Amino acid sequence: MSNPVFFVAPGSLDGLGANSVATVSGAEGRHAATVKRLATGEPVDLVDGRGTRGRGHVQRAEGDVLAVVLDSVEREPRPPYQLVLVQALAKGDRDELAAEAATELGVDGIIPWQAERSIVRWKGDRAAKSLSKWRSVVGAAAKQARRAWLPDVEDVHDGAALAARMNRAALSVVLHEDAEEPLGALLDAFSETADGEGEVLFVVGPEGGISPAELDRFVAAGARLALLAPHVLRSSTAGPAALAIAGDRLGRWPAKR
């Protein structure tokens with residue numbers, strides 16, 4: 001069974017090694033001590049969200065403080081390609097569900113996208129609150145998945161910003177029901193010719209679909225259209241399904257621990 005994970009500030013594990021004591025305070029320390037009720041000697045992992053993992057055991061868990069005696073500190077390198085989910089804003093909590101599942105499946109970054117046909121609109125205070133909620137959901141999912149890397153959740157993009165991002169990406173994939181090329185075949189061809197660096201964007205549209213003008217803009221920016229399934233998937237399902245295929249086709253799975 002894997003160890004429970006608690007986040008520490010980026011860089012706080014740097015320079016530490018076996019027998020060093022690392023301290024977690026605040027909300028994370030309180031969660032360990034009063035919610036998880038960790039006891040002295042229990043194994044835990046500390047991660048900084050930037051790829052560093054400290055493995056150790058509890059020295060003390062009281063109040064809002066968790067003290068851990070480290071057995072080792074390891075650096076987990078980023079895998080080839082950065083997988084980024086571009087998730088159109090959706091009604092209800094479907095966009096948040098997509099971000100949560102994508103995190104569990106190993107996504108490296110998430111871009112909220114204000115599509116032309118998105119019913120939900122992020123403006124003013126709502127934008128800040130919604131972005132904060134997405135980041136909270138992603139943090140909890142990364143913790144549950146025992147990840148050392150915390151995916152970046154960026155500010156909301158409009159179509160113009162997204163097209164500019166596509167111009168810089170190694171590959172941009174728009175998941176679309178009218179596409180003819182299967183996603184798996186597209187990724188296989190990409191992996192045979194690419195150099196293993198850069199971003200791979202997976203674009204998921206809103207409930208009303210991606211508008212023709214947006215599709216034209218994205219194709220002009222170098223995006224490829226890909227067919228994910230023989231039937232239409234919900235906006236909360238398409239991105240995670242694509243990431244599962246990418247994890248296999250781009251050599252991320254099976255994972256080595």
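**Exercise 1. The second largest pocket**

Which residues lie nearest the centre of the second largest pocket, and how many residues line it?

*Solution.* Keep in mind that this is a predicted model. Start with the lining, which is made up of 23 residues. Next, look towards the centre: Leu175, Glu177, Pro206, Val232 and Leu233 lie nearest to it. Now sort the lining by character, which gives 12 nonpolar, six polar and five charged residues. Finally, add the volume of this second largest pocket, about 520 Å³.

**Exercise 2. Walking across a sheet**

Work out the strand order of the open five-stranded sheet and find the strands at its edges.

*Solution.* Let's take it pair by pair.

- Step 1: strand 1 and strand 3 are parallel and share three bridges. Here phenylalanine 6 faces leucine 46 of strand 3.
- Step 2: strand 3 pairs with strand 4 (residues 52–62) in the antiparallel sense, over five bridges. Aspartate 45 is set opposite arginine 55 in strand 4.
- Step 3: strand 4 runs antiparallel to strand 5 (residues 65–75), and 10 bridges join the two. In this pair, valine 58 stands opposite valine 68 of strand 5.
- Step 4: put together, the order reads 1-3-4-5-2, and the pairing is mixed. Strand 1 (5–7) and strand 2 (21–24) each have a single partner strand, so one side of each lacks a neighbour in the sheet. On average, neighbouring strands of this sheet are turned by 40° against each other, direction ignored.

**Exercise 3. Glycines in the hairpins**

Which glycine takes a positive phi in the hairpin of strand 3 and strand 4, and which one in the hairpin of strand 4 and strand 5?

*Solution.* Take the hairpin of strand 3 and strand 4 to begin with: four residues sit between the strands, and glycine 49 has a positive phi near 75°. Then move on to the hairpin of strand 4 and strand 5, with two residues between the strands; there glycine 63 has a positive phi near 60°.

**Exercise 4. The setting of leucine 38**

Is leucine 38 buried or exposed?

*Solution.* First locate leucine 38, in the loop between helix 1 (26–35) and strand 3 (43–47). Its relative accessible area is 10%, and the cut-off for buried is under 20%. Leucine 38 is therefore buried. Then list its contacts beyond four places in sequence: Phe6, Ala32, Val44, Val58, Ala61 and Leu66. To finish, check one of these partners by distance: leucine 66 is 28 residues away in sequence, with a C-alpha to C-alpha separation of 8.8 Å from leucine 38.

Key: Residues numbered from 1 in each chain as written. Predicted model: local features only at pLDDT ≥ 70, side-chain atom pairs only at ≥ 80, totals over all residues. Heavy atoms only, no water. 1 Å grid on protein atoms, 1.4 Å probe; cavity = no way out; pocket = protein on both sides within 12 Å on 5 of 7 lines; lining within 4 Å. Points joined across faces, edges and corners; volume = space filled by probe spheres on them. Nonpolar A, V, L, I, M, F, W, Y, C, P; charged D, E, K, R; others polar. Buried < 20%, exposed > 50% of the residue type's maximum accessible area, 1.4 Å probe, protein only. Contact = heavy atoms within 4.5 Å. Pairing = 2+ DSSP bridges. Axes fitted to C-alpha atoms, helices over the stretch in contact; angles between N-to-C directions.
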